[in-house]
Amino acid sequence: MAVRSVSKLVEQGFEAVEKEILECKDCQLHETVTNKVISKGSRTPSVVFVGEAPGKNEDETGVPFCGRAGKNLDGMIEYMGLSGDEYAVINTIKCRPPKNRNPLKSEIKACKPFLEAQIQLLNPKVIILLGNTAEKAFCDGDKLEWGVPKAVDGKYTLLKIYHPAALIYQRSRIEEQNTLIDNNRHLWELE
Ligand code: SF4
């Protein structure tokens, strides 16, 4: 299967990318998906949150981060002080893996052109990777420290924090997460 051209996707714009995602059969996940999960939020965000893969609620609704993890993400966004036009939310892959298993390397690779095109079109200053799977998909094996920002080629800054789902069962992590956020406010609280 030919790899999709990111530059071609970007040239085509948001609507065309969304249509291509909806029609995509580039990996086996299209066989079991109910709804593809593309994005939510602003099209001119300063911050983009990148989650892992859609879960059950997302698959049912087609909306990223609904359900309990979504509530935690909303709480994080409120704590960060971001308004609705300042952020967008996307996932590393657009189709739910059966039984919420981790996405395979081949699935992440097949979906990566969509992720890259979305990032280029959204053009944020800060990309917040929610957990290790998002980091793995986005950084091609490079490791980031939790809460330590990394500037990438003068284009954007990457920051890895905990996935909101991890805060559901480990409430003690909320305080830790808030500290990671407080340490990095300067990244999005720009004049
Ligand atoms: S996960 Fe991505 S690459 Fe795989 S079928 Fe869905 S949209 Fe296509």
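## Starting point

Where does Lys-99 lie? Lys-99 sits in the loop between strand E3 (87–91) and H5. Helices (H or I, at least four residues) and strands (E, at least two) are DSSP runs, numbered from the N terminus.

Before going on, some ground rules. The model is predicted, with local features needing pLDDT of at least 70 and side-chain atom pairs counting only at pLDDT 80 or more, while totals for chains, interfaces and linings use all residues. Residue numbers start from 1 along each chain, following the sequence as written.

## The loop between E3 and H5

Back to that loop. The phi of Lys-99 is near 55°, a positive value in a residue other than glycine. Asn-100 is found in the loop between E3 and H5 too, and Asn-100 has a positive phi of about 60° although it isn't a glycine.

Burial here goes by C-beta atoms placed from the backbone: a residue is buried if 20 or more other C-beta atoms lie within 10 Å of its own, exposed if 12 or fewer, and partly exposed in between. Lys-99 has 7 other C-beta atoms within 10 Å, so Lys-99 is exposed. Asn-100 has 13 other C-beta atoms within 10 Å and therefore comes out as partly exposed.

## Around the ligand

There are 14 residues around the ligand, and Cys-24, Cys-27, His-30, Cys-95 and Cys-111 come nearest. To be near, a residue needs its C-beta atom, placed from the backbone, within 6 Å of the molecule or strand in question.

Helix H5 (residues 105–122) gives the largest share of this shell, 3 residues. By residue type, the shell splits into 8 nonpolar, 1 polar and 5 charged. For that split, Ala, Val, Leu, Ile, Met, Phe, Trp, Tyr, Cys and Pro count as nonpolar, Asp, Glu, Lys and Arg as charged, and the others, Gly among them, as polar.

## The sheet

Now for the strands. They form an open sheet of 6 strands, ordered E1-E3-E2-E4-E6-E5, with mixed pairing. At the edges are strand E1 (40–41) and strand E5 (150–152), each pairing on one side only. Two strands pair if DSSP finds at least two bridges between them.

Strand E2 (residues 47–51) and strand E4 (residues 126–130) pair in the parallel sense over 4 bridges. Val-47 has Val-126 in E4 as its bridge partner, and Val-50 stands opposite Leu-129 in E4. On to the next pair: E4 and strand E6 (residues 156–161) are parallel as well, joined over 5 bridges. Here Ile-127 faces Leu-158 in E6, and Leu-129 stands opposite Lys-160 in E6. E4 is mostly covered, with 4 of its 5 residues buried. As for E6, 5 of its 6 residues are buried, so E6 is largely enclosed by the rest of the structure.

## The E5–E6 hairpin and a nearby contact

E5 and E6 run antiparallel, with 3 bridges joining them. Val-152 stands opposite Tyr-156 in E6. The hairpin of E5 and E6 has 3 residues between the strands, and Asp-153 there takes a positive phi near 50°.

Ahead of E5 comes the loop from helix H6 (132–139), and Glu-145 is found in that loop. Is Glu-145 buried or exposed? Glu-145 counts as exposed because it has 9 C-beta neighbours inside 10 Å. Its C-alpha atom and that of Lys-160 are separated by 7.0 Å, with the two residues 15 apart along the chain.

## Two helices

Helix H4 (residues 67–80) behaves as expected: its 14 residues should span 20 Å at 1.5 Å a residue, and its end C-alpha atoms are indeed 20 Å apart. The expected span is 1.5 Å times one less than the number of residues. The buried residues of H4 are Ala-69, Gly-70, Asn-72, Leu-73, Met-76, Ile-77 and Met-80. They cover an arc of only 160° around the axis, which puts them on the same side of H4. The arc is that of the directions from the helix axis to the C-beta atoms. In general, an α-helix has 3.6 residues a turn, so residues three or four places apart point the same way.

Val-17 lies in helix H2 (residues 14–23). Val-17 counts as buried because it has 23 C-beta neighbours inside 10 Å. The C-alpha atoms of Val-17 and Gln-118 are separated by 8.0 Å, although the residues are 101 apart along the chain.

## The annotated domain

UniProt, in an unreviewed entry, places the feature "domain: Uracil-DNA glycosylase-like" at residues 38–181. UniProt positions follow the numbering used here, feature names are shortened, and annotations may be inferred rather than shown by experiment. The span of residues 38–181 is 42% helix and 18% strand, and its end C-alpha atoms lie 25 Å apart.
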